[in-house]
Amino acid sequence: MITTAASLAMVNKVAMAALPEPVIQTRADTMPPLMPATGQPYNPVVTLNGWTLPWRMNQGVKEFHLVAEPVVREMAPGMKAHLWGYNGQSPGPTIEVVEGDRVRIFVTNRLPEHTSIHWHGQRLPNGMDGVSGLTQPAISPGKTFVYEFVARRPGTFMYHPHADEMVQMAMGMMGFWITHPKGKHPLIDEVQRDFCFLLNAYDIEPGAYTPKIMTMLDFNLWSWNSRIFPGIDSLNVRLNDKVRIRIGNLTMTNHPIHLHGHEFLVTGTDGGPTPKQSRWYEVTTDIAVGQMRQIEFVANEPGDWAFHCHKSHHTMNAMGHDVPTMIGVDHREVVRTITKLIPDYMVMGERGMADMAEMEMPLPDNTIPMMTGSGPFGSVEMGGMFSVLKVRKDQKPGDYSDPGWYKHPAGEVAFEWTGALPDPARLAAQGAGSMPQVVKPKTTMEVQVRKPAGQSGHANH
Ligand SMILES: [Cu+2]
């Protein structure tokens, strides 16, 4: 019936108008900070290879619209993954609000199975906590649910499903949430640069597109915001900027995150800003599963500083596992035999694995070499969780664009010694302290004594 169809269309239009239009992101680039046009002012963050979700003000309430859906995420140029995420990307967009804001989030489910969103770390009414089955019914495919609460404490938070979690997180469903302080806060310093990203991991076979969801620990792609080096953007700052980096871990293992050239303070955890007396300087901070860490430092050393996970297998891409150690093995005879059968046979790793970074190996489509990325001095031999902090004197305030490689002042780059080489001094000592050298008793020497003839036998006394 025409009338019914017409009224139905009208109802749908009214229903759609009640929701903020979902904003979709199609690129995996680091988007510039989203300056707040409405609501309380704050200094926005920059999400590494990500973006902040715009909102709509509705009678004093900040309204966001998240759409859970299958996405195609470029993990690095040359490799795309078929993931699940929010609003066109995995991870989903960062949500930024201010302490005291009333927030309403519409969550539309376009996945083939039900879902929910848990607002990791927030103080909120129990029924808004997003644990399907426990605090709410799951959101069926095609349905939209509404979450509403006041962002009560400032800090660094995450969001992720609490429904079929193993599958949905292995597929990339997660996002960042920042609650900025309302005005000056005694434990939250003002900074000139504020970055955030999530640690996540996937198991995608070389040549495949979809993660293996049953993998528990042996992931082969270690990513920051579902990007792997050399696909992770650099963190570009101006010399002497105060820099904050917020990191959340939604992988299944811990990650010791290490910064070169500077010491930092851990100024915040899952529970909010840390008391000042509890802070100490570090160059590596371990971030356990489900944790968040917020580090701060003054970027007062110009250069291109490596910034990475210190687990060396996490700075590798797929194919970095299950290769036997071949260092020191002489393959020549074996190779001769094998090449009779397989003419293209290639030996891997008899002088270490560095060759692999530069070798032109035939790889399946949609596969990134396990170590890659070229710097100004050659191959960086890294993959996975690796990026570069670029500190520059002439970087403009608020400019996050890549300044290119650092130009080193004359005489400040390690160089090859071409003079004469004296013999290296070797340590003569053989252990000390808790492991003193074991002094073995001198071997008794057998002495044959021949008594001179004619004397009585007192020679042995
Ligand atoms: Cu790691």
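In this predicted model, an open sheet of five strands has the order β13-β24-β21-β15-β19, with mixed pairing. The edges are taken by β13 and β19 (284–287), and each has a single partner strand, so one side of each lacks a neighbour in the sheet. Direction ignored, neighbouring strands of this sheet are turned by 20 degrees against each other on average. Within the sheet, strand β21 (residues 303–309) and strand β24 (residues 386–392) are antiparallel and share six bridges. Asp304 stands opposite Lys390 in β24.

Edge strand β13 covers residues 235–238, and the loop that leads from there to β14 (241–249) contains Leu239. Is Leu239 buried or partly exposed? Leu239 is partly exposed, because 15 other C-beta atoms lie within 10 Å, and a residue needs 20 or more to count as buried. Beyond its neighbours within four places in sequence, Leu239 is in contact with Ala299, Asn300, Pro302, Val391, Arg392 and Lys393. Ala299 is 60 residues away from Leu239 in sequence, yet their C-alpha atoms are 5.8 Å apart. Asn240 is in the same loop, between β13 and β14. Asn240 has a positive phi near 75 degrees and is a residue other than glycine. With 13 other C-beta atoms within 10 Å, Asn240 is partly exposed.

The loop on the other side of β13, between β12 (221–224) and β13, holds Pro230. Ser226 also lies between β12 and β13. Ser226 is not a glycine, but its phi is positive, at about 55 degrees. Ser226 counts as buried because it has 27 C-beta neighbours inside 10 Å. The peptide bond into Pro230 is cis, and so is the one into Pro91. Pro91 is in the loop between β4 and β5. The two bonds are listed here.

| Cis peptide bond | Omega |
|---|---|
| Ser90 to Pro91 | about -5 degrees |
| Phe229 to Pro230 | near 10 degrees |

A second open sheet has four strands in the order β5-β10-β9-β7, and its pairing is also mixed. Here β5 (95–98) and β7 stand at the edges; each has a single partner strand, so one side of each is without a neighbour in the sheet. The average turn between neighbouring strands of this sheet is 25 degrees, direction ignored.

The pairings can be followed across the sheet. From the β5 edge, β5 and β10 are parallel and are joined by four bridges, and Glu96 stands opposite Ile178 in β10. Strand β10 (residues 175–180) and β9 run antiparallel and are joined by five bridges; in this pair Met158 stands opposite Phe176. At the other edge, strand β7 (residues 118–120) pairs with β9 in the antiparallel sense over three bridges, and His118 stands opposite His160 in β9.

Which residues of β9 are buried on each side? Gly155, Phe157 and Tyr159 are buried on one side, and Thr156, Met158 and His160 are buried on the other, leaving both faces of the strand covered. For strand β9 (residues 155–160), this amounts to six buried residues of six.

In soluble globular proteins, nonpolar side chains tend to be buried together. The largest nonpolar core here contains 85 residues, and those with the most contacts inside it are Met158, Trp177, Phe195 and Leu221. Leaving out residues up to four places away in sequence, Trp177 touches Ile95, Trp119, Phe157, Met158 and Tyr159.

Lys80 is placed in strand β4 (residues 79–86). Lys80 counts as partly exposed because 14 C-beta neighbours fall inside 10 Å. Apart from residues up to four places away in sequence, Lys80 touches Val72, Arg73, Glu74, Met75, Tyr209 and Asn366. The C-alpha atoms of Lys80 and Tyr209 are 6.6 Å apart, although the two residues are 129 places apart along the chain.

For the protein as a whole, there are four helices and 24 strands. It has 461 residues, of which 37% count as buried. Among contacts between residues at least 6 apart in sequence, 73% join residues at least 24 apart.

Methods
Residues are numbered from 1 along each chain as its sequence is written. This is a predicted model: local features need pLDDT of at least 70, side-chain atom pairs count only at pLDDT 80 or more; totals for chains, interfaces and linings use all residues. Helices (H or I, at least four residues) and strands (E, at least two) are DSSP runs, numbered from the N terminus. A residue is buried if 20 or more other C-beta atoms lie within 10 Å of its own, exposed if 12 or fewer, and partly exposed in between; C-beta atoms are placed from the backbone. Two residues are in contact if their C-beta atoms, placed from the backbone, lie within 7 Å. Two strands pair if DSSP finds at least two bridges between them. Axes are lines fitted to C-alpha atoms, for helices over the stretch in contact, and angles run from 0 to 180 degrees between N-to-C directions. A nonpolar core is a set of buried Ala, Val, Leu, Ile, Met, Phe, Trp, Tyr and Cys residues joined through C-beta atoms within 7 Å.
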